[in-house]
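Student: I would like a close look at a single part of this model, taken slowly and set in its surroundings. Please keep the answer in one piece.

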Amino acid sequence: MANLRQDQAQETKEKLLVQARKLFAEKGYANTSIRALAKSLDMSEGILYHHFSGGKREILAVMVQQGLAEVLMALNQKNHNLEQQPLAIVLATLYEMCEQLFNQSPELLKIIMRESDVMGLEEVHIIQNVIRSRIEWLANLLRQRCALGEVREMNFELSAQQFLAMSIQYALGKLLNMNVGYSLSKQQDRQAIVEHTLMLWAPIS
């Protein structure tokens with residue numbers, strides 16, 4: 001019986017998080033009230049506060065932390081397999097993963113970009129750590145490829161940051177429905193970006 005109650009409580013919390021993510025993305029955090037969130041699930045405000053005593057603020061924090069943890073886990077699982085691939089495939093795959101991430105979690109990305117002033121330091125640090133870990137991973141990979149003569153000596157951190165910044169530019173453009181030039185959604189554009197990048201990184205003969 002205790003396990004059943006725990007399962008039911010977890011299911012209720014997940015429903016709240018899913019619905020809150022939908023409403024925060026559609027209407028914004030400030031424009032979504034606890035009453036509206038509870039009503040959209042045919043739930044009392046008391047039940048909502050039972051599961052999230054900190055109200056909206058706690059819901060936002062848990063939503064961002066869980067979502068980013070899942071994203072980072074998925075990215076890290078692909079790291080090892082990518083490390084042995086040709087660099088052109090590595091870079092193309094990184095952009096394909098960005099496209100997949102956007103398609104799978106557009107609401108979470110929209111909330112993170114729009115509600116940064118509402119989030120606490122912990123969530124901000126998590127976001128920074130996700131981005132920093134990707135930059136460090138790619139920079140280390142470039143160092144290894146430089147030792148093998150595949151790329152020239154350069155500022156590896158800055159090169160990795162510039163390459164991955166295209167992903168952020170793409171996400172912003174898609175969220176704002178803006179045409180910002182090359183699109184990671186198009187294989188031809190992704191290939192053009194990768195080829196241009198490899199040309200810039202090529203060893204100096």
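How many nonpolar, polar and charged residues are there in the lining of the largest pocket?

Tutor: The model is a predicted one, and what follows should be read with that in mind. By class, the lining of the largest pocket comprises 20 nonpolar residues, two polar ones and one charged one. Those 23 residues enclose a space of about 700 Å³. Nearest the centre of the pocket lie Leu101, Val130, Ile131, Ser167 and Ile168.

The lining draws on several helices. H4, H5, helix H6 (106-114), H7 and H8 each give two or more residues to it. H8 provides the largest share, seven residues.

The setting of the pocket is an all-helical chain: there are nine helices and zero strands, and the pattern along the sequence reads α-α-α-α-α-α-α-α-α. The C-alpha atoms fill a box of roughly 70 × 40 × 30 Å along the principal axes. Of the 205 residues, 40% count as buried. Among contacts with a separation of 6 or more, 70% are between residues 24 or more positions apart.

Next, the nonpolar cores. In soluble globular proteins, nonpolar side chains tend to be buried together. The largest nonpolar core here has 32 residues, and the members that touch the most others are Leu87, Leu91, Leu94, Leu138, Phe163 and Trp201. At least two residues of this core come from each of helix H4 (55-83), helix H5 (87-104), helix H7 (121-147), helix H8 (156-175) and helix H9 (187-201). H5 makes the largest contribution to the core, with nine residues. H4, H5, H7 and H8 thus appear both in this core and in the pocket lining.

Phenylalanine 163 shows how such a core member is placed. Leaving aside residues up to four places away in sequence, Phe163 touches Leu91, Leu94, Tyr95, Leu138, Thr197 and Trp201. A second, separate core has 24 residues, including Leu17, Ala20, Phe24 and Leu68.

Some of the helices named above are also joined by charged side chains. The structure holds eight salt bridges, and three of them can be followed in turn. Arginine 190 and glutamate 96 meet through their side chains at 3.9 Å, N to O. This pair links distant parts of the chain, with arginine 190 in helix H9 and glutamate 96 in helix H5, 94 residues apart. Arginine 190 is buried at a relative accessible area of 11%, whereas glutamate 96 is partly exposed at 32%.

Arginine 143 and glutamate 157 form another salt bridge, in which the closest N and O atoms are 2.0 Å apart. Because arginine 143 lies in helix H7 and glutamate 157 in helix H8, the pair ties together parts that are 14 residues apart in sequence. Arginine 143 is partly exposed, with 31% relative accessibility, and glutamate 157 is partly exposed, with 36%.

The third salt bridge joins the side chains of arginine 145 and glutamate 150 at 3.3 Å, N to O. Arginine 145 has a relative accessibility of 5%, so it counts as buried, the cut-off being under 20%. Glutamate 150, at 37%, is partly exposed.

Two positions in helix H1 complete the surroundings. Leucine 23 lies in helix H1 and is buried, with 8% relative accessibility. Apart from residues up to four places away in sequence, leucine 23 touches Gly28, Thr32, Leu37 and Ser40. Serine 40 is 17 residues from leucine 23 along the chain, and their C-alpha atoms are separated by 9.4 Å.

Lysine 13 also belongs to helix H1 (residues 2-27), and it is partly exposed, with a relative accessible area of 28%. Its contacts, again not counting residues up to four places away in sequence, include His51 and Phe52. Isoleucine 59 is 46 residues from lysine 13 in sequence, while the C-alpha atoms of the two are 9.3 Å apart in space.

To return to the pocket: its lining has 20 nonpolar, two polar and one charged residues, with H8 giving the largest share.

Notes: Residues numbered from 1 in each chain as written. Predicted model: local features only at pLDDT ≥ 70, side-chain atom pairs only at ≥ 80, totals over all residues. Heavy atoms only, no water. Core = buried A, V, L, I, M, F, W, Y, C linked by side-chain atoms within 4.5 Å. Buried < 20%, exposed > 50% of the residue type's maximum accessible area, 1.4 Å probe, protein only. Helix = DSSP H or I, 4+ residues; strand = E, 2+ residues; numbered from the N terminus. Contact = heavy atoms within 4.5 Å. 1 Å grid on protein atoms, 1.4 Å probe; cavity = no way out; pocket = protein on both sides within 12 Å on 5 of 7 lines; lining within 4 Å. Points joined across faces, edges and corners; volume = space filled by probe spheres on them. Nonpolar A, V, L, I, M, F, W, Y, C, P; charged D, E, K, R; others polar. Salt bridge = Lys/Arg side-chain N within 4 Å of Asp/Glu carboxyl O.
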